[in-house]
Amino acid sequence: MEAYKIGVIGDTESVIGFLAVGFSVFTVTSAEEAARELARRAKENYAILFLTENFAKDIPDAIAVYKDLPLPAVITIPGRGGSLGYGLANIKRSVERAVGADILFKE
Amino acid sequence: MAEIQVNPTRMEMKKLQGRLATARRGHKLLKDKRDELMKQFLDIVRANKELRESVEARLAAVHDSMSLAAALSSRKMLEEALILPKREGVLEVSSQNRMSVEVPVFRFTLPENGAAGCNYGFAFTSGELDDAVVSLSALLPDLVRLAELEKTAQMLAEEIEKTRRRVNALEYIMIPRYQSGIRSIKMKLDENERGNAVRLMKVKDMALAREREAARRRQA
């Protein structure tokens with residue numbers, strides 16, 4: 001079994017803590033930079049790439065590329081500004097994609 | 001709907017009937033597959049949603065203590081404390097076959113060292129940083145689990161979409177097309193049959209008429 005790594009991409013304040021727990025941290029300052037970093041790291045042996053929501057929401061296309069590939073898993077996490085609900089919206093989207101209608105989040 | 005152009009022969013009809021049977025069988029199988037995928041997908045996505053909500057809440061707490069730590073010590077010191085000595089976590093990835101979809105399974109191991117996962121001296125850092133790091137460490141397994149669930153959900157969603165398209169294509173395009181092809185061949189064959197019968201009757205009439213004519217001439 002090959003050893004993979006976990007990467008975190010985001011603004012400094014949001015991701016610096018992950019250094020302490022053994023993730024590789026890539027600090028970026030803009031969504032474009034985040035997309036570039038994502039593309040570069042996806043080619044390396046990163047199995048999971050966490051991406052902060054504040055950048056993720058601006059580059060859905062760059063993320064969608066990895067959606068149907070087994071690796072890497074690109075997962076959005078809330079940044080320091082708190083959750084934007086982007087991650088949950090993503091789950092909702094995959095439900096809609098599979099079922100054709102949103103049956104999980106309807107209130 | 002586009003009809004398929006076929007030669008109206010018994011051979012073609014047999015062929016189409018075979019294809020229709022295969023299409024029906026495939027349709028049933030795919031439909032079962034879709035239903036089972038859907039069942040698993042819904043379980044996963046529900047777990048995914050719950051886990052994400054709890055992870056996001058806890059991550060917000062981590063961010064809060066991190067902000068506090070950042071406020072209490074200089075940015076430089078914070079980075080220094082966290083960067084050295086760097087621990088590399090190792091992630092093992094295996095894959096699991098879920099309804100013929102290969103989904104990844106993650107297992108993350110972090111080399112243990114030192115006090116409660118803190119790999120920096122306590123002299124120059126604040127307690128808030130310790131809090132943040134400790135709670136983040138506690139959050140790790142769930143983060144990795146979240147990644148696994150979310151990836152699985154995405155891949156299953158894709159597979160369901162594909163399967164549903166196939167089911168619909170079979171149900172609404174292929175099967176009706178074969179059926180109409182078979183029907184049109186059958187009608188054509190029946191028509192030929194009738195035409196043949198009529199022709200035979202006509203020929204018989206003509207032969208009888210000729211015979212009668214010949215008999216009358218002999219009498220005359």
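These exercises work through a predicted model of two chains, A and B.

Residues are numbered from 1 along each chain as its sequence is written, and chains are lettered from A in the order in which they are written. Local features need pLDDT of at least 70, side-chain atom pairs count only at pLDDT 80 or more, and totals for chains, interfaces and linings use all residues.

**Exercise 1. Confidence**

Task: Find the mean pLDDT of chain B and the ipTM of the model.

Solution. Step 1: pLDDT is the predictor's confidence in each residue, from 0 to 100. Step 2: Chain B has a mean pLDDT of 84, and 86% of its residues reach 70 or more. Step 3: The model scores ipTM 0.86, with pTM 0.80.

**Exercise 2. The build of chain A**

Task: State how many helices and strands chain A has, and give their order.

Solution. Step 1: Helices (H or I, at least four residues) and strands (E, at least two) are DSSP runs, numbered from the N terminus. Step 2: Chain A has five helices and four strands. Step 3: From the N terminus on, the order is β-α-β-α-β-α-α-β-α. Step 4: The radius of gyration of chain A, taken over C-alpha atoms, is 14 Å. The globule rule (2.2 Å times the number of residues to the power 0.38) gives 13 Å for 107 residues, so chain A is as compact as a globular protein of that length.

**Exercise 3. Strand pairing**

Task: Follow the strand pairs that involve β3(A), and decide whether β3(A) is enclosed or open.

Solution. Step 1: Two strands pair if DSSP finds at least two bridges between them. Step 2: β1(A) and β3(A) are parallel and share five bridges. A:Ile9 has A:Leu51 of β3(A) as its bridge partner. Step 3: β3(A) also runs parallel to β4(A), again with five bridges. Here A:Leu51 is matched with A:Thr76 of β4(A). Step 4: A residue is buried if 20 or more other C-beta atoms lie within 10 Å of its own, exposed if 12 or fewer, and partly exposed in between, with C-beta atoms placed from the backbone. Seven of the seven residues of β3(A) are buried, so β3(A) is largely enclosed by the rest of the structure.

**Exercise 4. Where the chains meet**

Task: Describe the side of chain A that touches chain B.

Solution. Step 1: Contact means that the C-beta atoms of two residues, placed from the backbone, lie within 7 Å. Step 2: 35 residues of chain A are in contact with 52 residues of chain B. Step 3: The largest share of this side of chain A, seven residues, comes from α5(A). Step 4: The side divides into 22 nonpolar, seven polar and six charged residues. Ala, Val, Leu, Ile, Met, Phe, Trp, Tyr, Cys and Pro count as nonpolar, Asp, Glu, Lys and Arg as charged, and the others, Gly among them, as polar. Step 5: β1(A) also runs antiparallel to β1(B), residues 90-98, over two bridges. A:Ala3 has B:Glu92 as its bridge partner.

**Exercise 5. The core**

Task: Find the size of the largest nonpolar core and the helix that gives the most to it.

Solution. Step 1: A nonpolar core is a set of buried Ala, Val, Leu, Ile, Met, Phe, Trp, Tyr and Cys residues joined through C-beta atoms within 7 Å. Step 2: The largest one has 63 residues. Those with the most contacts inside it include A:Leu51 and B:Leu156. Step 3: Helix α3(B), residues 127-219, gives the most, 14 residues. Step 4: B:Leu156 touches residues including A:Ala98, B:Phe41 and B:Val101.

Notes. Lists of a residue's contacts leave out its neighbours within four places in sequence.
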